Amino acid sequence: MDVLTDEQCWELLAANQLGRLAVVVAGRPDIFPINYVLHEGEVYFKTAEGSNLASVMAHREVAVEIDGYDETTNEAWSVVLSGMARALTHDSEIEIAESLPISPWNVEPKRRYVAIEPHELSG
């Protein structure tokens with residue numbers, strides 16, 4: 001097993017758009033799939049009102065995990081980014097988020113944006 005450098009972790013995060021958001025809900029861990037994009041060193045995603053957003057608002061410490069597997073080399077990798085999440089509320093922040101290529105798979109309307117400021121990165 002090899003440990004990835006921070007640069008390799010950032011490259012993998014930038015090259016992907018689907019991950020899992022780990023949050024605390026009512027004192028218990030939970031995981032949600034998210035479509036995300038990196039922007040200026042932060043992870044941005046779009047969400048609807050509900051448990052995902054409520055979890056971020058109640059307990060801002062979160063983690064995002066992505067992983068992959070290359071069949072040709074039989075190699076797997078995983079990256080975990082931990083940090084502090086915040087719901088975007090200022091018009092200027094929302095305007096920037098709306099210009100990002102965030103494409104949720106779920107057809108449910110998602111009108112809220114969240115940014116995660118990273119504190120730890122491992123892979």
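In the predicted model, the largest nonpolar core comprises 18 residues, and those with the most contacts inside it are L13, L21, Y36, F45 and I116. To this core at least two residues each are supplied by helix α1 (6-15) and by the strands β1, β2, β3, β4, β5 and β6. Another core lies apart from it and has eight residues, including Y44, L88, L100 and A115.

The strands that contribute to the largest core are also those of the barrel, in which six strands close in the order β1-β2-β3-β6-β5-β4 with antiparallel pairing. From one strand to the next, the twist averages 40 degrees. Helix α3, which spans residues 91-98, packs on the sheet and touches β2 (28-39), β3 (42-47), β5 (75-87) and β6 (112-122), while its direction makes about 80 degrees with that of β6. As a general matter, the strands of a sheet pair through backbone hydrogen bonds, in either the parallel or the antiparallel sense.

The individual pairings can be followed around part of the barrel. Strand β1, which covers residues 18-25, pairs with strand β4, which covers residues 61-70, in the antiparallel sense over three bridges, and within this pairing A22 has A63 of β4 as its bridge partner. On the side of β5, A63 has S82 as its bridge partner, so that A63 is bridged both to A22 and to S82. The strands β4 and β5 run antiparallel and are joined by 10 bridges, and in this pairing I66 stands opposite V79 of β5. Strand β5 is in turn paired with β6, again in the antiparallel sense, over eight bridges, with G83 standing opposite P118 of β6.

Two loop residues depart from the usual backbone geometry. Most residues other than glycine have a negative phi, and most peptide bonds are trans. N74, although it is not a glycine, has a positive phi of about 60 degrees; this residue belongs to the turn of the hairpin that β4 and β5 form with four residues between them. The relative accessible area of N74 is 56%, and N74 is therefore classed as exposed, the cut-off being over 50%. E40, which is likewise not a glycine, has a positive phi of about 50 degrees and lies in the loop between β2 and β3. With a relative accessibility of 73%, E40 also counts as exposed.

A contrasting environment is found for N35, a residue of strand β2. Its relative accessible area is 10%, and because burial is assigned under 20%, N35 counts as buried. When neighbours within four places in sequence are left aside, the residues in contact with N35 are Q17, L18, Y44, F45, K46, I102, S103, P104 and W105. Among these contacts of N35, F45 is one of the residues with the most contacts inside the largest nonpolar core, whereas Y44 belongs to the other core, of eight residues.

Key:
Residues numbered from 1 in each chain as written. Predicted model: local features only at pLDDT ≥ 70, side-chain atom pairs only at ≥ 80, totals over all residues. Heavy atoms only, no water. Pairing = 2+ DSSP bridges. Axes fitted to C-alpha atoms, helices over the stretch in contact; angles between N-to-C directions. Contact = heavy atoms within 4.5 Å. Buried < 20%, exposed > 50% of the residue type's maximum accessible area, 1.4 Å probe, protein only. Core = buried A, V, L, I, M, F, W, Y, C linked by side-chain atoms within 4.5 Å.
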